[in-house]
Amino acid sequence: IPVQPFDYVVFGATGDLTKRKLIPALYHRFKDGQFDEQSRIIGASRSKLGDADFQKAAREAIAQFVEKEYQDEAVIDRFVKIFSYVPVDASNPEGSGDLGKALRDDPKVVRAFYLAVAPDLFEPIAEYLAKKKLYRRDARVVIEKPLGHDLASSMEINDGVAKIFKEDQVYRIDHYLGKETVQNLLALRFANALFEPVWNSAHIDHVQLTVAESVGAGTRGYYDESGALRDMIQNHMLQLLCLVAMEPPASDDANALRDEKLKVLRALKPIANGDVARNTVRGQYRGVKSETTSVAGYQDELPEEKKGSRTETFVALKAEVENWRWAGVPFYFRTGKRMASRVSEICIQFKPIPHSIFDHAEGAPRPNKLIIRLQPDEGVKLMMMIKDPGSGGMRLREVPLNLSFAQTFSERTPEAYERLLLDVVRGNQTLFMRRDELEAAWKWVDPIREAWDRASEPPQPYTAGTWGPTGSIALIERDGRTWYEDH
Ligand code: BG6
């Protein structure tokens, strides 16, 4: 269904995010007919460019970041025509630039401002927009991480934006929420009758959340100030936890859903002081050099002045959601760079059967597991016990009931930003983080960070291309459990 015509202003139009994510995402939606030439994309930044330069940059972004099979010259020609550019200095309310001439004063044209810039510019830009009379009560503003490095700084950023924009105008992106498979968690849980009755501590033994990446981190400038806890757990993985653990909302209304997510974040048992050493493990990868491979360690990738950094490139931790549904069910998190493979998945492990009649049989029954694979090879797998075919007696085998999305659907899976950018136009905040959620997440993460900062020992080393430091294996094995690994 096509969206209303819009004027999308992108601050930071010459930056990396615009090129890699925003332009390709908008192109795909345009190509699929979700909007047309009645909409405008207006680049704004300090560079002294003209419309033609921005259109050229858009073409280049498509050539570089859209898969060849979707590059259609006729569509690209039409698409870039909706691009214009205004040089703007919005770093203070009196700044220069005439954005007004590019915007239409028509209430039927949605007005959205995407701030693809550093967070310290959010407040000045918001004030600039107000001062230049470009703010409208129905305008939308899109911001994304890093939304602070702790609770205090995140509140400061939110306060800055809130000086001008009301909460119902603010769209905080966590791109994980835009992923098809992440949204599928909602469908899986709330569009099927099968799971909800067993989705609780009476039937679930524990939950594992893994986001493993094979790429390194050291060459990404921001990473050393951030580390895996802030970069992945505070946002993406806590959002995943929310979707797994929340109560069914009463409707698909954005606030109904976000209220339930917030309750999960507020029910997280604090991990502070002495509990930090027991329930968390942080690691940093070391390089490998052999005849066949050579991978740099985190320290080797850092510039001279940052050598010796204690930033964690891996985190494992055990969290608990203290409420009626989840009492006693641990949630084990694990994320890292330079791990053995790239995989994001959630494993729900059910309790063992209460009584086995198969004790004499080969292969004792193993607890059922529901594996939700977010990427790559998206799908859902239910691990079940069956009788091994054949006449060799009652042998049991664990096999997957396997739903592979690639095999089931032939359509291309849209990228997270495609959904999110147009949800802004639709005025649908469901897949965006509300301020209180963000702050509840920081509140839980901060004490962990603080205890690490006080600790005398550095992160545990792990070899690039493995599943992390041995401490992370000990973390789960201490509870008589093991990490699920099928790769
Ligand atoms: C980003 C992190 O938010 O998410 C990166 O800053 C990380 O460090 C990325 O690589 C992972 O996203 P995806 O979509 O590749 O899983």
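At roughly what angle do the axes of helix 8 and helix 9 cross? The views below are taken from a predicted model.

**View 1. Helix 8 and helix 9 cross.** Two packed helices are described by the angle between their axes and the distance between the axes. Here the axes of helix 8 (residues 223-245) and helix 9 (residues 254-267) cross at roughly 110° and come within 9 Å. Angles of 65 to 115 degrees count as roughly perpendicular, so helix 8 is roughly perpendicular to helix 9.

**View 2. Residues where helix 8 meets helix 9.** Helix 8 contributes Leu238, Gln239, Leu241, Cys242, Leu243 and Ala245. From helix 9 come Lys261, Val264 and Leu265. Of the residues in this contact, seven are nonpolar, one is polar and one is charged.

**View 3. An open sheet of nine strands.** The strand order is 16-15-14-13-7-12-11-8-17, and the pairing is mixed. Strand 16 (396-404) and strand 17 (460-463) are at the edges; each has a single partner strand, so one side of each has no neighbour in the sheet. From one strand to the next, the twist averages 20°.

**View 4. Strand 7 beside strand 13.** Strands of a sheet pair through backbone hydrogen bonds, either parallel or antiparallel. Strand 7 (residues 204-212) and strand 13 (residues 343-350) run antiparallel and are joined by eight bridges. Ile204 has Phe350 in strand 13 as its bridge partner.

**View 5. Helix 8 on the sheet.** Helix 8 packs on the sheet and touches strand 7, strand 11 (314-320), strand 12 (330-336), strand 13 and strand 14 (369-375). The direction of helix 8 makes about 140° with that of strand 12.

How values were computed:
Residues are numbered from 1 along each chain as its sequence is written. This is a predicted model: local features need pLDDT of at least 70, side-chain atom pairs count only at pLDDT 80 or more; totals for chains, interfaces and linings use all residues. Side-chain values use heavy atoms; hydrogens and water are left out. Axes are lines fitted to C-alpha atoms, for helices over the stretch in contact, and angles run from 0 to 180 degrees between N-to-C directions. Helices (H or I, at least four residues) and strands (E, at least two) are DSSP runs, numbered from the N terminus. Angles under 35 degrees count as roughly parallel, over 145 as roughly antiparallel, 65 to 115 as roughly perpendicular and the rest as oblique. Contact means heavy atoms within 4.5 Å. Ala, Val, Leu, Ile, Met, Phe, Trp, Tyr, Cys and Pro count as nonpolar, Asp, Glu, Lys and Arg as charged, and the others, Gly among them, as polar. Two strands pair if DSSP finds at least two bridges between them.
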